[in-house]
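Please look through the sequence and the 3D structure before reading on. The explanation takes one strand and one helix in turn.

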Amino acid sequence: MPKVAILITIMEGDDGSSGCLEECQRQVDAVSAEGKYSFSIFLNENGEKGYQAAWEKASAEGADFFLWIDHDLRLSEGMIACLFENSEFLRHKAVITGSVSRPDNSLLSGGRTRRGRLITPDPVIPVPCQLFDLSVALVPGYAFSALDAPADFFRPDLLYYGYGRKLSKAGVARMVAPGIMAVTERETVIPSWKDPDSTMKEKLRWLWHSVFK
């Protein structure tokens, strides 16, 4: 039975994750009842500083999949089942990101084009993307070999940058799950590298200051 490590991520200074955790557990119980997957849930309880510890605990269990979920999300009904149904459809050969919207239905995160523009998810089928956010993302364990070491993987300023390109070079597909996977009231300032309207000079300046600040 494939093992799934669910990492509910909490950023420094944020409130607790009880709502997301409870809904996640309810959905996990429903999927577990089918006998296809076993789940373990991990929290980075010390905020950004706890990412490495959460990763080490999760990886020690020999997980076949890693499911990232931001703690401030209201998960859509059946979100976890949907992610795994689509992963099965794709023969578990793709990273699948979930689209997250605000209450007014405007997209906040998910799959992106090469220029960083958010992709509107299809209501029924998964669609390809180039870059992806990790607010909701199902990553097969083997795909991590194409990424940096965990310490680099969890650098908060560059959390999303470059993953799509690295996975592309490794031949790992990136897909957007159908529909909206979660809703949040979070307001986010779009970094220059992720803003499709930014010039290349602005993107490079942002990356330079993020790496060498």
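What follows describes a predicted model, beginning with a strand and its partners and ending with a helix.

Strand S5 covers residues 94-101. How many of its 8 residues are buried? The count is 8 of the 8, so S5 is largely enclosed by the rest of the structure. Buried here stands for under 20% relative accessible area. In a regular strand, side chains alternate between the two faces of the sheet. Both faces of S5 are covered. On one side, Ala94, Ile96, Gly98 and Val100 are buried; on the other side, Val95, Thr97, Ser99 and Ser101 are buried too.

The pairing of S5 with other strands comes next. S5 runs parallel to strand S11, residues 173-183, and 7 bridges join the two. Within this pairing, Ile96 stands opposite Met175 of S11. Strand S10, residues 136-140, is antiparallel to S5 and is joined to it by 2 bridges. Ile96 also has a bridge partner in S10, namely Leu138. Ile96 is therefore a residue of S5 that is buried, with Met175 opposite in S11 and Leu138 as its partner in S10.

Strand S6, residues 107-109, is also antiparallel to S5, with 2 bridges between them. Here Val100 of S5 stands opposite Ser109 of S6. S5 and S6 form a hairpin with 5 residues between the strands. In that hairpin, Asn105 takes a positive phi near 75°.

The helix to consider is H1, residues 18-32. H1 has 15 residues and spans 20 Å from its first C-alpha to its last, close to the 21 Å expected at 1.5 Å a residue. Its buried residues are Cys20, Glu23, Cys24, Gln27, Val28 and Val31. Where do these buried residues lie when H1 is seen down its axis? They fall within an arc of 140°, so they line one face of the helix. An α-helix has 3.6 residues a turn, so residues three or four places apart point the same way.

The cover over the buried residues of H1 includes strands S1 (3-9), S2 (38-43), S3 (65-70) and S4 (74-75), along with helix H3 (79-89).

Glu23 is one of the buried residues of H1. Its side chain makes a polar contact of 2.8 Å with the side chain of Gln27, a residue that is also buried in H1. Leaving aside neighbours within four places in sequence, Glu23 is in contact with Leu75 and Glu77.

Note on methods:
Residues are numbered from 1 along each chain as its sequence is written. This is a predicted model: local features need pLDDT of at least 70, side-chain atom pairs count only at pLDDT 80 or more; totals for chains, interfaces and linings use all residues. Side-chain values use heavy atoms; hydrogens and water are left out. Buried means under 20% relative accessible area, exposed over 50%, partly exposed in between (1.4 Å probe, protein chains only). Helices (H or I, at least four residues) and strands (E, at least two) are DSSP runs, numbered from the N terminus. Two strands pair if DSSP finds at least two bridges between them. A polar contact is a pair of N or O atoms within 3.5 Å; within protein, one must be able to donate a hydrogen and the other to accept it, and residues adjacent in sequence count only if both atoms are side-chain atoms. Contact means heavy atoms within 4.5 Å. The expected span of a helix is 1.5 Å times one less than its number of residues. The arc is that of the directions from the helix axis to the C-beta atoms.
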